[in-house]
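I keep these notes while going through the structure shown below. Each entry says what I looked up and what I found.

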Amino acid sequence: MELQTITYIVVGFTFAIYIGIAIWARAGSTKEFYVAGGGIHPVANGMATAADWMSAASFIGMAGLIAFMGYGGSVFLMGWTGGYVILAMLLAPYLRKYGKFTVPEFIGDRFYSDTARTVAVICLIICSVTYVIGQMKGIGVAFSRFLETDYETGLYTGMVIVFFYAVLGGMKGITYTQIAQYCVLILAYTIPAIFISLQLTGNPFPQLGLGSTLVGTDTYLLDKLDMMVMDLGFSEYTTTGRLSTLNMFAYTASLMIGTAGLPHVIIRFFTVPKVKDARSSAGWALIFIAILYTTAPAVAGMARLNIMQTIEPSPGEYLKIDERPDWFKNWETTGLLEIEDKNGDGRIQYSADESVNELVKLDRDILVLANPEIANLPNWVIALVAAGGLAAALSTAAGLLLAISSAISHDLLKGMLLPNISEKQELRASRVAMALAIVGAGYLGLHPPGFAAGTVALAFGLAASSIFPVLMMGIFSRKITREGAIAGMVAGIGVTLFYVFQHKGIMFIPEWRYLEGLGSNWFMGIEPNAFGCIGAVINFTVAIVVSKVTAAPPERIQALVEDIRVPVGASIAQTH
Amino acid sequence: MSNLSEKNAEEYWRRNKSLMVKLGVIWFAVSYGFGILLVDQLNAIHLGGYKLGFWFAQQGSIYTFILLVFYYTWAMGRLDKEFDVEEEE
């Protein structure tokens, strides 16, 4: 059967499952819409969190970046898993004990200020929208390949589907659907990896295969990879870092802290029955995430090896353009892969030297989707990967849109501006907010500030610099005042946005860059994607200094901080 | 509000913090330490086809994180029992 037909069948079938579940569990009341009626088992919650968490960035984007960054790509692997340790120890159990719906609600109460709550809402919207832009890039790539059109058409199609999908569900639909999505995406990620690992090394576990010898030889896969990339003039795969040690440190820290500051992840821990479940939920989520994250470096290394071997089947003998495989042609249609026969010899030269290199464009975000085709795997596997990529992108986009819409309708409208609106009006407002967020993010997704994973990393940096520090100080210190928290958030996100926009342009529009004379990465060689941890340090410092010179928090707030430290007396999951 | 006297609450919190610090040190060591700062030194050692520093950065740190979270959950469960601050079943 034709590949495209199989893809339609597999993708159509998985979508039917998600939508079926969403309708079956259709949200009734507003409370259910936000936190799924409380009382979700920690294993189920962990699985749903993992689906929510692993987005287009993890599924579609990350391995492609690692494949071309080598060791430097480790920042994503450590950064996007290590945050769960912080989350489990420093935030989740205490926020669950406190028992509110949203992150801004906690910040507003702990810092006894509606201004603090509003600032938190704004920070949350900035992070989430940036995050959705990254998803839109991934969705655009996946749909363009799947429909065999250009990237823009793929993106528009994706926007429409995301909208219907998110509006239909609400959290309850989303929680059960996300469990289904997790299953689809993890199978779609690991099955081709197992196939490829078997092909190359004979070991069915990609995690072990990456450290094994190639079939029929005594050469280790990674040694061969190092040798091949260096022959082409690239730097060594297993040792080349990302810019500098300091930059790698900052990048990893930004992603870790950002993990523990992203509202759509934190909100998950409001939905477990007990405080102790909040702790273990983080562990279960991490296990489900680690299955993909420990497979990703194998996917990356093996795909890089396969691409090089496709283009240069034997040393000095390059692939003839007329004989290039179908996957080449298919991806050329999307505009995300381009070749240019510079020396007119009818073959594709691949080299680190730009003047000779004829693989002129290879969008990193196509690698995971193209991977099974590159390795000549059966059509059903290729179709499954397309379905998995869409599941990852859709589930996260839906979770984020929910966080954005609940911030606007619940925190801003109901909480502050229009306290008297009815549940129905609140629900309607949240849907309008979702639609606007999709259109805005989709528009910016036409010219994203980087590859999917890079754009998402920016969102993490913004969360790291704004939300995480005040949450942590709010829990661990009795002394941080309203003024301190507000000044900290504004300073942290302000400095980070200043640095990011200076590099990428205001609202990521490249024409709107400023102070270009400073050069790139001018602050200690740290790139904008890694700057969130500097923003976090500023946030902490400003908050602590300002708190020292302003009046101490009232007695009841100090008692509240004491109270959230012990699990006993936690309210039953907040919705009943 | 709870079954805790003030002194016990302080002790409970102190024990919790000391656990967090211990696990935090391991968390830092396997990622920032072995995976980034000491990567070149560790790369001299091989684990199959993996250079050890590279392995910590792309595999080992993640496995350790999982162990840390589950250990924390288990240890805190024990602490909650000891201080009688568990939630009612």
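How far apart do the end C-alpha atoms of residues 21-40 of chain B lie, and how much of the span is helix? I am working on a predicted model, and in it these end C-alpha atoms lie 27 Å apart. The span is 95% helix and 0% strand. I looked it up because the UniProt annotation "transmembrane region", from an unreviewed entry, covers residues 21-40 and 52-74 of chain B.

**Entry: annotated spans of chain B**

I then turned to the other span under that annotation. Residues 52-74 of chain B are 100% helix and 0% strand. Their end C-alpha atoms are 29 Å apart. The unreviewed UniProt entry also gives "domain: Sodium symporter small subunit" for residues 10-86 of chain B. For residues 10-86 of chain B I find 82% helix and 5% strand, with the end C-alpha atoms 16 Å apart.

**Entry: chain B as a whole**

I counted three helices and two strands in chain B. In sequence order the pattern is α-α-β-β-α. The radius of gyration of chain B is 18 Å, where a compact globule of 89 residues would have one near 12 Å. Along the principal axes, the C-alpha atoms of chain B fill a box of roughly 55 × 25 × 15 Å. I note that 35% of the 89 residues of chain B count as buried. Of the contacts in chain B between residues at least 6 apart in sequence, 54% join residues at least 24 apart.

I checked the confidence as well. The average pLDDT of chain B is 91, and 93% of the residues score at least 70. For the complex, the predictor gives an ipTM of 0.94 and a pTM of 0.91.

**Entry: chain A as a whole**

Chain A has 21 helices and four strands. Its radius of gyration is 24 Å and the globule rule gives 25 Å for 576 residues, so chain A is as compact as a globular protein of that length. The C-alpha trace of chain A spans about 75 × 55 × 45 Å along its principal axes. I find 60% of the 576 residues of chain A counted as buried. Of the contacts in chain A with a separation of 6 or more, 82% are between residues 24 or more positions apart.

**Entry: where chain A touches chain B**

I listed the contacts between the chains: 45 residues of chain A are in contact with 40 residues of chain B. On the side of chain A, the elements giving two or more residues are α5 (74-98), α10 (221-231), α11 (245-259), α13 (275-311) and α21 (555-563). Which element gives the largest share of this side? It is α13(A), with 12 residues. By class, I find 23 nonpolar, 15 polar and seven charged residues on the side of chain A that touches chain B.

**Entry: the nonpolar core**

The largest nonpolar core has 211 residues. Leu185(A) and Leu401(A) have the most contacts inside this core. Helix α16 (residues 379-417) of chain A provides the largest share of the core, 22 residues. I followed Leu401(A) further. Leaving out residues up to four places away in sequence, Leu401(A) touches Val132(A), Ala166(A), Met434(A), Ala437(A) and Ile438(A).

**Entry: Ser235(A)**

I located Ser235(A) in the loop between α10 and α11 of chain A. Is Ser235(A) buried or partly exposed? It counts as partly exposed, because 14 C-beta neighbours lie inside 10 Å, and a residue needs 20 or more to be buried. Ser409(A) is 174 residues from Ser235(A) along the chain, and their C-alpha atoms are separated by 50 Å.

**Entry: positive phi**

I looked at two backbone angles, since most residues other than glycine have a negative phi. Asn521(A) is not a glycine, yet has a positive phi of about 50°. Asn521(A) is in the loop between α19 (482-504) and α20 (532-549) of chain A. With 17 C-beta neighbours inside 10 Å, Asn521(A) counts as partly exposed.

Asp84(B) is not a glycine either, and has a positive phi of about 55°. Where is Asp84(B)? I find Asp84(B) in the segment after α3 (52-82) of chain B. Asp84(B) has 13 C-beta neighbours inside 10 Å and so counts as partly exposed.

Note on methods
Residues are numbered from 1 along each chain as its sequence is written. Chains are lettered from A and ligands numbered from 1 in the order in which they are written. This is a predicted model: local features need pLDDT of at least 70, side-chain atom pairs count only at pLDDT 80 or more; totals for chains, interfaces and linings use all residues. The radius of gyration is taken over C-alpha atoms; the globule rule is 2.2 Å times the number of residues to the power 0.38. A residue is buried if 20 or more other C-beta atoms lie within 10 Å of its own, exposed if 12 or fewer, and partly exposed in between; C-beta atoms are placed from the backbone. Two residues are in contact if their C-beta atoms, placed from the backbone, lie within 7 Å. Ala, Val, Leu, Ile, Met, Phe, Trp, Tyr, Cys and Pro count as nonpolar, Asp, Glu, Lys and Arg as charged, and the others, Gly among them, as polar. UniProt positions are given in the numbering used here, feature names are shortened, and annotations may be inferred rather than shown by experiment. pLDDT is the predictor's confidence in each residue, from 0 to 100. A nonpolar core is a set of buried Ala, Val, Leu, Ile, Met, Phe, Trp, Tyr and Cys residues joined through C-beta atoms within 7 Å.
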